[in-house]
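Please look over the sequence and the structure shown here before reading the report.

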2 protein chains.
Amino acid sequence: MGVVERKEREKELRSESIIDAAERIFFSKGFEHATMNDVAEEAELSKGALYLYFHSKNELCMAILQRSLLILKNKMTILHDDNILTGIEKFARLARLFIAFAKEYPNHYNSFLSYREHRGNCPATGKVIKGTNEENKKINRIISDIIRMGKADKTINKDIDADKLSLALWGNFTGIMPSSILHDRSSLDYNPEEVIKYHFELLINAIKA
Amino acid sequence: MGVVERKEREKELRSESIIDAAERIFFSKGFEHATMNDVAEEAELSKGALYLYFHSKNELCMAILQRSLLILKNKMTILHDDNILTGIEKFARLARLFIAFAKEYPNHYNSFLSYREHRGNCPATGKVIKGTNEENKKINRIISDIIRMGKADKTINKDIDADKLSLALWGNFTGIMPSSILHDRSSLDYNPEEVIKYHFELLINAIKA
DNA sequence: ACAAAAAAATGACCGTGGGTCACTTGGTGA
DNA sequence: TCACCAAGTGACCCACGGTCATTTTTTTGT
């Protein structure tokens, strides 16, 4: 009988429902002001139970980041697997995709930006940390694949370094918006969306064959 | 008699020496693990006294960020004021300047990346928050000025939008390195330095007249 | 020179919240 | 029916951010 398997499934479900609860609480109160008791109550569990699934508040936060990466990766995979668009067209759509993600999941997008603090407070050997590393790697792989497609179909300059450019773009995505927030709102003439688009335009101009 | 003035100067000095202490403590222990008692001891003051100068631990952290911005701005001002280099040359040197800053002041560079959390927990009306906004604005002003210089001396395409590109670059700087850190070290073939340089090369290629 | 007043600094104290652990609950298999 | 064990509980511990009545130091007025 599949008791062990069922238990494993249930454990996975519990874990997911805790992350659901944590998202609602963290996103509405912010990391510092949210308490583990809040999360426990929202998840209809005791505080102690949370610690059966996650080692710390920080790790729970990283689990949310892992989800964010997963959502984005799934969006990107669809673009990647399209077989009508050319490489450079896909590359151009990455800009739109990033913007759409940030608009559709603003809280998840935010989770990219505060991950460092949390990450530093989690054991590097943990399952969650490894998961985020994995997703991150896959995302960079998708971007660089798209660039390589462009090189293959001659829509992108063959001398472009796909891996390096992929990292640059990804870094840019996780940094460009916060900069504009630090910038005083009232004096910000351009919204992040325009800035990202413009940046991509320039890059496209630089890399097109 | 200048008693009031002297007091003001002394107050400023105390404030600076508290930030000195906070830097040593925060940089060595990390924000979460550092305590206000640690900072007080390092600053040779009581905990209560810290709160005469800063409203909260978060605000103290923002004061460090303000310093980081100031250091970077000073480096950039020198480049900006140079009157031999052409606009595009200055633009190209920005990449080196960013990298040099991140290498010379790695901890200060890090402070850029976790500012969101702290910022959200400070009253927006505070002196420190306003100070960081101010510095940030000046930095963007310097970058866009450099681009404008390039347009004036015809080394940069006149159709480039200086303000937008400035924001894009600044965002990139505050995002590109953390991305590479999230990326699993062992499988990272390029270091952040290479990535920044390459990204700039492409941009230069796109914007040169 | 001295005391009253003001400013600066102190540190005991408070409340909160992350994290723990001895104990309870409830499903499972013999 | 009962022994077992994983799952879950919540009272408890204690570290730490922040406060404030009190003390110490400096300034001001005479």
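The report below takes up the surface around one DNA strand and then the cysteines.

## Surface around DNA strand C

In this predicted model, 18 residues surround DNA strand C, and those that come nearest are R6(A), M36(A), K47(A), S46(B) and Y53(B). Sorted by class, the surface near the strand has 9 nonpolar, 4 polar and 5 charged residues.

Helices α1 (3-29) and α3 (47-53) of chain A, together with α1 (3-29) and α3 (47-53) of chain B, each supply at least two residues of this surface, and the largest share, 4 residues, comes from α3(B).

## Contacts with the phosphates

Of the atoms of DNA strand C that lie within 4 Å of the protein, 61% belong to sugar or phosphate, while the rest belong to bases.

Several residues of chain A place N or O atoms beside phosphate oxygens of DNA strand C: a backbone atom of K57(A) lies 2.9 Å from one, and a backbone atom of A34(A) lies 3.1 Å from one. For Y51(A), by contrast, the N or O atom belongs to the side chain, and the distance to a phosphate oxygen of DNA strand C is 3.1 Å.

## Cysteines

The count of disulfides over all chains comes to 0. C61(A) is accordingly in no disulfide, and the nearest cysteine sulfur, that of C122(A), is 8.5 Å away. In chain B, the sulfur of C61(B) is too far for a bond because the closest cysteine sulfur, in C122(B), is 8.5 Å from it, whereas a disulfide requires a pair of sulfur atoms within 2.5 Å.

As for accessibility, C61(A) counts as buried because its relative accessibility is 13%, and C61(B) counts as buried at 12%, the cut-off being under 20%.

How values were computed. Residues are numbered from 1 along each chain as its sequence is written. Chains are lettered from A and ligands numbered from 1 in the order in which they are written. This is a predicted model: local features need pLDDT of at least 70, side-chain atom pairs count only at pLDDT 80 or more; totals for chains, interfaces and linings use all residues. Side-chain values use heavy atoms; hydrogens and water are left out. Buried means under 20% relative accessible area, exposed over 50%, partly exposed in between (1.4 Å probe, protein chains only). A residue is near a molecule or strand if one of its heavy atoms lies within 4 Å of it. A polar contact is a pair of N or O atoms within 3.5 Å; within protein, one must be able to donate a hydrogen and the other to accept it, and residues adjacent in sequence count only if both atoms are side-chain atoms. Ala, Val, Leu, Ile, Met, Phe, Trp, Tyr, Cys and Pro count as nonpolar, Asp, Glu, Lys and Arg as charged, and the others, Gly among them, as polar.
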